[in-house]
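Reader: I am new to this structure. Please show me how to read its features, one at a time.

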Amino acid sequence: MRGRSTRLIVALDTKDTAQAVNWRQATAAHAGAVKLGLEFTYASGLEAVRAVAGDSPLFLDLKLHDIPNTVASAIGSLAGVRPAMLTIHASGGRAMIAAARAAVDATFPAQARPLLLGVTVLTSMDEAGLHEIGVPGSVKAQVIRLGRLAMEAGADGLVCSPHEITPLRQALGEDPVLVVPGIRPAGSAAGDQKRIMTPAQARAAGADWIVVGRPITRAADPAAAAAAIAAELAA
Ligand code: C5P
């Protein structure tokens, strides 16, 4: 068993500010952070993102992917949002990742610096999809290739599916902060998530953070659902 703990991020997947605030407040005692992404940010803007996050650490999942200068400038525009974690696509390449690293360091003071996380292969992609865009080989090989590149170029960690935790830990060791969606407590509906693990399984595999949305936000009692997951992670 690894020495570090695994903490819960609640995905506030909605366009509605009041709903997002309700979920955040209901689950705050059991979660280490909240996630807001493209859906909420495009619908409501960065000021609303800041307002919804409140006192909770914010996982800002905007998956940046552009030329290095544009990605760096975009990160500069996040100074007032104060995220605890932000995401870029590792497939943007070494120069883009390095520019993101430099922009994070220049934009945020050391004590409030977000973790820079690389997204490797989207979980919606399969091997055939990778081949179609000119990437030969397996999904796993591509995840490890991009994960290694992201870490070499200055990322703090990676977003990965639960089934990629073990191969990434074997290839890259304990250094990367691994943030893992695709989590389903035993007995909850899988929805559109296919390759899932329970919170306890993801913890045993070596996740630092798990990202959970619908099993909490669609539960009759979101606070109780978050509490149960936090208890499972602490057991
Ligand atoms: O509702 P559910 O628990 O499936 O939500 C998981 C969250 O993690 C969503 O916000 C989703 O966008 C995000 N996510 C994911 N798979 C990825 C990356 C992010 O499910 N590969």
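Author: We take the cores, then two helix pairs, then one histidine. This is a predicted model, where local features need pLDDT of at least 70, side-chain atom pairs count only at pLDDT 80 or more, and totals for chains, interfaces and linings use all residues. Residues are numbered from 1 along each chain as its sequence is written, and side-chain values use heavy atoms, with hydrogens and water left out.

Reader: How many residues has the largest nonpolar core?

Author: In soluble globular proteins, nonpolar side chains tend to be buried together. A nonpolar core is a set of buried Ala, Val, Leu, Ile, Met, Phe, Trp, Tyr and Cys residues joined through side-chain atoms within 4.5 Å. Buried means under 20% relative accessible area, exposed over 50%, partly exposed in between (1.4 Å probe, protein chains only). Here the largest core has 60 residues. Leu 8, Ile 75 and Ile 210 have the most contacts inside it. Helix 6 (residues 139-152) gives the largest share of this core, seven residues. Helices are DSSP runs (H or I, at least four residues), as are strands (E, at least two), numbered from the N terminus. A second, separate core has twelve residues, among them Phe 59 and Val 179.

Reader: What is Leu 8 in contact with?

Author: Contact means heavy atoms within 4.5 Å. Leaving aside neighbours within four places in sequence, the contacts of Leu 8 include His 30, Trp 209, Ile 210 and Leu 233.

Reader: At what angle do helix 1 and helix 2 cross?

Author: Two packed helices are described by the angle between their axes and the distance between the axes. Axes are lines fitted to C-alpha atoms, for helices over the stretch in contact, and angles run from 0 to 180 degrees between N-to-C directions. Under 35 degrees counts as roughly parallel, over 145 as roughly antiparallel, 65 to 115 as roughly perpendicular and the rest as oblique. The axes of helix 1 (residues 17-27) and helix 2 (residues 38-53) cross at roughly 40° and come within 10 Å. Helix 1 and helix 2 are therefore oblique to each other. Val 21 and Arg 24 are among the helix 1 residues in this contact, and Phe 40 is one of those in helix 2.

Reader: And how do helix 3 and helix 4 cross?

Author: The axes of helix 3 (residues 68-76) and helix 4 (residues 94-107) come within 8 Å and cross at roughly 25°. Helix 3 and helix 4 are therefore roughly parallel. Ile 75 is among the helix 3 residues that meet helix 4.

Reader: Is His 89 buried or exposed?

Author: His 89 has 13% relative accessibility, so it counts as buried. His 89 lies in strand 4 (residues 85-89).
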